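Visitor: Could you take me through this structure and tell me, for each label you use, what justifies it?

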Amino acid sequence: MERDAYFAYEKREHGICILRCYSSSGSVVIPEELDGCAVTEVNAYAFATEMEDEPINSGDLPCICGDKLEELYLPQTIQRLGRYIFYNCLQFRKLSCYSNLAYMGAGAFTGCENLSWLDMHCLDGNSCLRELLQDLKQKVTVEFYGAQGEVFCRLVYPEFFEEAVENTPARIISTQTHGMGIQYRNAFRNTQVIFEEYDRLFMTGKYNVDLITAMEIALARLRFPYNLDISESARAEYVNWLREHLQETVWFLIDQEKSEELRWLAESFVDTPTQMEMLLEEAKQSGQPQIVSLMMDIKYRRFPVKRKKFCL
C-alpha cells in the first residue's frame with residue numbers, strides 16, 4: 001500500500017528532528033513518534049523551498065515546501081521550531097499546535113502573509129501564543145481547544161504594520177507601529193490572554209478597525225463567550241454593535257458561505273420575527289438553496305405561524 005506521507009529526519013539528544021516532509025497533500029500532520037522516539041523538533045528551513053544539506057527523498061511523493069504547504073498540524077511533543085522554517089510559504093493558511101511550544105527560531109513566519117488561522121491546544125503552564133502572534137502582522141483568528149478537544153474560545157487579532165521612519169538630522173531610523181492589532185497582541189500577562197483587556201479594546205477602538213474585522217471580533221466573542229461574563233458592559237457592547245450592523249453581518253456571512261455562523265446568528269442572536277425575516281430574504285437573494293433551507297427551518301421552529309381559529 002502506498003504511503004500518503006513520510007518524513008526525512010534524524011535522531012538527536014532529546015528526540016526526533018524533522019528535516020523534510022513528503023506528502024500527496026498540502027495538509028501535513030507531524031506524528032508524535034518515529035522509530036519509537038518522540039518527535040520534538042522541526043528543523044530550520046524545513047518547509048522553505050531551498051535549504052542547506054537537502055536530505056534525500058527516499059520515495060515518490062513531492063517535498064511539501066514553499067507554495068505546496070497549506071496546513072500544518074504539530075503534536076504535543078514538539079518543543080522547537082527552527083529558524084526560517086516557513087520561509088516564503090505563500091499558501092500556508094493554518095497552523096495547529098500546542099501551547100507548550102518552547103522555542104521558535106528567528107524569521108519563522110517570514111513571507112507567510114496568508115497564515116490567518118491558528119488552532120491552539122491549551123495545556124497548563126506558559127503559552128507560546130503571544131510569541132506566535134507577534135510574528136504575524138496580518139489578521140489572525142485563534143481557536144482555543146481544551147483538554148477534551150473541544151473549542152471553548154475564539155479570538156480575532158486585527159492586523160498591524162510597521163513603518164521605518166528616518167530622523168534626518170540625527171540620521172536615525174526608528175520603527176513606528178500602526179493599527180489596533182499591536183494593542184490586541186499586548187493584551188497578555190505572563191503569557192496568558194487577559195480577556196478584560198482584550199474586550200476593553202473593542203469598546204474603545206471598534207471604529208479603528210475595518211467593518212469586517214469588527215464583525216468577526218464581535219461574532220467570535222459572542223458565539224464563544226469564554227470569560228465574557230466578567231464584564232456585562234463588554235458583552236453589551238458586542239451585542240449592541242452587532243445589532244446595529246446586523247444586515248451587513250448577514251451579507252458578509254452569506255457571501256463567505258459561513259453557514260455555522262449564520263446558524264448561530266439565527267438561532268441564538270436574532271430575537272424578533274422581523275430580524276428573522278430579514279435573514280431569510282437575504283438568503284433568498286443570495287441564490288444559495290442550502291442557506292435558504294437552513295433559514296426557513298430555523299424561522300418555522302423559532303417563530304411558528306399561528307393558525308387562525310374559525311368559529312361557526
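Guide: What follows is a conversation about a predicted model, in which labels are set against their cut-offs.

Visitor: To begin with the whole, what makes up the protein chain in helices and strands, and what span does its C-alpha trace have?

Guide: The protein chain holds nine helices and 16 strands, and along its principal axes the C-alpha trace spans about 90 × 70 × 35 Å. Of its 312 residues, 46% are buried, and among contacts between residues at least 6 apart in sequence, 52% join residues at least 24 apart.

Visitor: How many disulfides are there, and how do you know?

Guide: A search of the whole structure finds zero. Cys65 is one case to check: the nearest cysteine sulfur belongs to Cys63 and is 3.7 Å away, whereas a disulfide requires two cysteine sulfur atoms within 2.5 Å, so the pair does not qualify. For Cys112 the nearest cysteine sulfur is that of Cys89, 5.2 Å away, and against the cut-off of 2.5 Å this pair is therefore no disulfide either.

Visitor: Why are Cys65 and Cys112 called buried?

Guide: The label applies under 20% relative accessible area. Cys65 has 14% relative accessibility and so counts as buried, and Cys112, with a relative accessible area of 2%, is therefore buried as well.

Visitor: What makes Thr141 buried, and which residues does Thr141 touch?

Guide: Thr141 lies in strand E11, residues 140–145. Its relative accessibility is 11%, so Thr141 counts as buried, the limit being under 20%. Leaving aside residues up to four places away in sequence, Thr141 touches Ser116, Trp117, Leu118, Arg154, Leu155 and Val156.

Visitor: E11 belongs to a sheet; why is that sheet called open, and which are its edge strands?

Guide: Six strands form the open sheet in the order E3-E6-E8-E10-E11-E12, with mixed pairing. The edge strands are E3 (27–29) and E12 (151–157), each of which pairs on one side only. From one strand to the next the twist averages 15 degrees.

Visitor: How do you know that E8 and E10 pair, and in which sense?

Guide: Strand E8 (residues 94–98) is joined to strand E10 (residues 117–121) by five bridges, and the two run parallel. Pairing requires at least two bridges, so five bridges satisfy the criterion. Within this pair, Ser96 stands opposite Asp119 in E10.

Visitor: What makes E5 a partner of E2, E4 and E7?

Guide: In each case the count of bridges is set against the minimum of two. Strand E2 (residues 15–23) and strand E5 (residues 37–42) pair in the parallel sense over three bridges, with Ile18 opposite Val42 in E5. Strand E4 (residues 33–34) pairs with E5 in the antiparallel sense over two bridges, and there Leu34 stands opposite Cys37. Two bridges also join E5 to strand E7 (residues 80–81), the strands running parallel, and Glu41 stands opposite Arg80 in E7.

Visitor: What is noted about phi in the hairpin of E4 and E5, and which other residues have a positive phi?

Guide: The hairpin has two residues between the strands, and Asp35 takes a positive phi near 55 degrees. Most residues other than glycine have a negative phi, which is why positive values are pointed out. Others include Thr191, with a phi near 70 degrees, in the loop between strand E15 (188–189) and strand E16 (192–193), and Glu257, with a positive phi of about 55 degrees, in the loop between H6 and helix H7 (259–269).

Visitor: Why is Thr191 called partly exposed, but Glu257 exposed?

Guide: Exposed means over 50% relative accessible area, buried means under 20%, and partly exposed is in between. Thr191 has 27%, and is therefore partly exposed, while Glu257 has 53%, and is therefore exposed.

Visitor: Finally, how do H6 and H8 pack, and which residues meet there?

Guide: Helix H6 (residues 246–255) and helix H8 (residues 273–286) pack at an angle of about 35 degrees with their axes 10 Å apart, and their crossing is right-handed. Leu246, Gln247, Val250, Trp251 and Ile254 in H6 meet Gln275, Met278, Leu279, Glu282, Ala283 and Ser286 in H8. The residues of this contact divide into seven nonpolar, three polar and one charged.

Notes:
Residues numbered from 1 in each chain as written. Predicted model: local features only at pLDDT ≥ 70, side-chain atom pairs only at ≥ 80, totals over all residues. Heavy atoms only, no water. Buried < 20%, exposed > 50% of the residue type's maximum accessible area, 1.4 Å probe, protein only. Helix = DSSP H or I, 4+ residues; strand = E, 2+ residues; numbered from the N terminus. Contact = heavy atoms within 4.5 Å. Axes fitted to C-alpha atoms, helices over the stretch in contact; angles between N-to-C directions. Left-handed = near helix turned anticlockwise from the far one by under 90°. Nonpolar A, V, L, I, M, F, W, Y, C, P; charged D, E, K, R; others polar.
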